[in-house]
Amino acid sequence: MRDVSIIGIGQIEVGEHWERSLRDMGAAAVRLALQDAHLERPEALYVGNMLSGQLSRQENLGALIADHAGLRGIEAVKVEAACGSGAAALRLAYIAVAGGIHDVVVACGVEKMTDTLGEETTSALATAADALYESEHGLSFVAINALIMRRYMHEFGYRREDFAGFALNAHRNAEHNPYAMFRKAITAEAFQRAKMIADPVSLLDSAPMADGAAAVALAPTAFARAQGLKAVRIAGSALATDSVALHDRRDPLFLEAAFLSAQRAYAQAGVRPQDIDFFELHDAFTIMAALSLEAAGFAPRGRGVTLALEGAITLQGRIPISTMGGLKARGHPVGATGLYQVVEAVQQLREEAGANQLHGCRLGMTQNIGGSGASVMTHILERLS
Amino acid sequence: MQLAAYWRTTRQRLSLTGEVCPHCGAKLFPPRDVCPACSGPAKAPFQFSGRGTVYSFSTLYTAPQGFEEYAPYVVALVKLEEGPLVTAQLTDVERDQVYIGMPVEMVTRKIRAEGDDGPIVYHYKFRPLLQPVTS
């Protein structure tokens with residue numbers, strides 16, 4: 001297996017882009033990543049996307065984005081793993097390069113969520129859950145997270161306001177990210193007063209629906225070194241699965257797939273959780289941030305929220321998370337999210353994170369979750385000396 | 001829900017019929033033919049009692065398409081007395097009366113109608129366990 005590095009990154013601002021289409025955003029991110037890598041034509045393109053068929057009546061995205069990025073003819077295909085589609089596309093791109101099938105590959109994530117009405121987008125997002133035995137009962141995706149959060153509060157004795165730290169940290173970090181959707185801090189009082197969507201999950205526990213696209217270009221590390229490219233090495237890459245329905249899990253309060261994919265990524269990279277300098281996790285909901293910290297080994301079971309209460313997750317803390325705003329404040333264009341996480345981790349490791357720069361960081365980890373924990377991709381990125 | 005899907009899930013939806021694994025004894029709902037505990041084939045039907053307790057719950061204020069007119073409504077994970085968790089709506093209860101551990105039982109109720117002229121979709125819901133009347 002060949003050693004693989006990220007040699008280029010591209011992203012567009014996350015937001016409500018009524019003036020931009022799915023193909024326009026996806027192609028823009030691909031071209032930005034190629035430009036950053038000083039390359040014109042990759043051999044393959046993997047496009048992470050969840051909702052194009054439902055919300056834009058458009059499939060066949062691999063060919064569509066390749067064509068509009070000026071890459072007609074290359075191998076290109078769409079990859080879907082619900083909200084984890086972006087990192088799933090990266091995982092396939094990694095396999096292609098590490099396995100020696102292709103030399104230069106682009107992984108892109110793109111999502112268009114704001115052309116449709118809120119209820120329509122909410123229903124489309126519910127397809128991440130079990131259609132027959134969850135969504136059919138009228139559960140939104142938010143409601144499934146609410147069921148987890150309520151039980152977690154009950155078992156471990158937390159109050160709603162104990163989760164505020166996750167949202168406050170994300171919004172504070174987004175203030176200095178020019179690509180973030182919500183570039184403003186929020187207060188603990190605002191968190192407390194926020195409107196309920198599905199009790200106990202409020203608007204400020206939840207990441208916003210948004211449009212966006214992000215991409216990375218991959219190549220063998222040896223090629224990147226020979227060309228003198230600024231490269232960030234993929235030290236670990238893993239994808240693991242669990243049941244789609246929450247009620248089918250062995251323990252609904254433990255993200256088994258997040259645990260498995262993190263363990264496999266640690267093993268491949270030869271590192272432990274305490275070696276990780278920062279963690280771009282999947283904070284689609286505050287409860288998911290807590291469960292990810294636990295599953296990835298940064299907190300014992302039931303103590304993920306304690307890290308937020310103690311301030312360990314801030315830029316100055318022991319394990320900074322959502323360093324550029326996370327899903328909560330950068331925004332959550334679902335199928336693109338996994339690649340925004342990776343782009344931001346690369347910014348940190350290349351020391352291009354501006355006011356949010358973490359000093360002396362060497363190892364960053366990203367974790368992208370599809371559904372309420374069914375498909376989980378973990379990547380460990382390393383700064384090359 | 002498509003009519004064919006409605007028809008083929010009748011036994012699950014209206015009578016909470018699942019399966020039992022002949023190898024490890026796991027009780028399965030919904031039925032899935034392959035036991036998730038031991039990976040062996042599990043096709044023997046098993047009739048659940050319909051009784052259980054509330055494991056977790058939530059009141060939805062923002063509902064998905066097709067459910068808007070019913071919001072707010074309460075959804076729950078119910079721990080069936082035979083073991084599995086099941087996702088369903090709660091009914092016949094005020095939302096501030098629901099608590100974790102509340103004993104509940106399955107009933108068949110309308111869950112929604114597919115438009116003004118479409119079929120009415122019936123499904124299982126759970127209500128607080130009825131207590132026998134004592135004189």
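Colleague: Which residue of strand 9 of chain B does Thr53(B) stand opposite?

Modeller: This is a predicted model, where local features need pLDDT of at least 70, side-chain atom pairs count only at pLDDT 80 or more, and totals for chains, interfaces and linings use all residues. Residues are numbered from 1 along each chain as its sequence is written, with chains lettered from A and ligands numbered from 1 in the order in which they are written. Strand 6 (residues 51-60) and strand 9 (residues 103-113) of chain B run antiparallel, joined by three bridges; strands are DSSP runs of E, at least two residues, and helices runs of H or I, at least four, numbered from the N terminus. Here Thr53(B) faces Pro103(B).

Colleague: How many bridges join strand 9 of chain B to strand 10?

Modeller: Two strands pair if DSSP finds at least two bridges between them. Strand 9 and strand 10 (residues 120-128) of chain B run antiparallel, and Met106(B) stands opposite Phe126(B). The number of bridges is nine.

Colleague: Is Glu120(A) buried or exposed?

Modeller: Glu120(A) belongs to helix 5 (residues 118-125) of chain A. Buried takes 20 or more other C-beta atoms within 10 Å of the residue's own, exposed 12 or fewer, partly exposed in between, with C-beta atoms placed from the backbone. Because Glu120(A) has 15 such neighbours, it is partly exposed.

Colleague: Which element gives the largest share of the side of chain A that touches chain B?

Modeller: Contact means C-beta atoms, placed from the backbone, within 7 Å. It takes 25 residues from chain A and 29 residues from chain B. Helix 5, helix 6 (141-156) and strand 5 (196-198) of chain A each supply at least two residues of chain A's side. The largest share, six residues, comes from helix 6 of chain A.

Note on methods. Contact = placed C-beta atoms within 7 Å.
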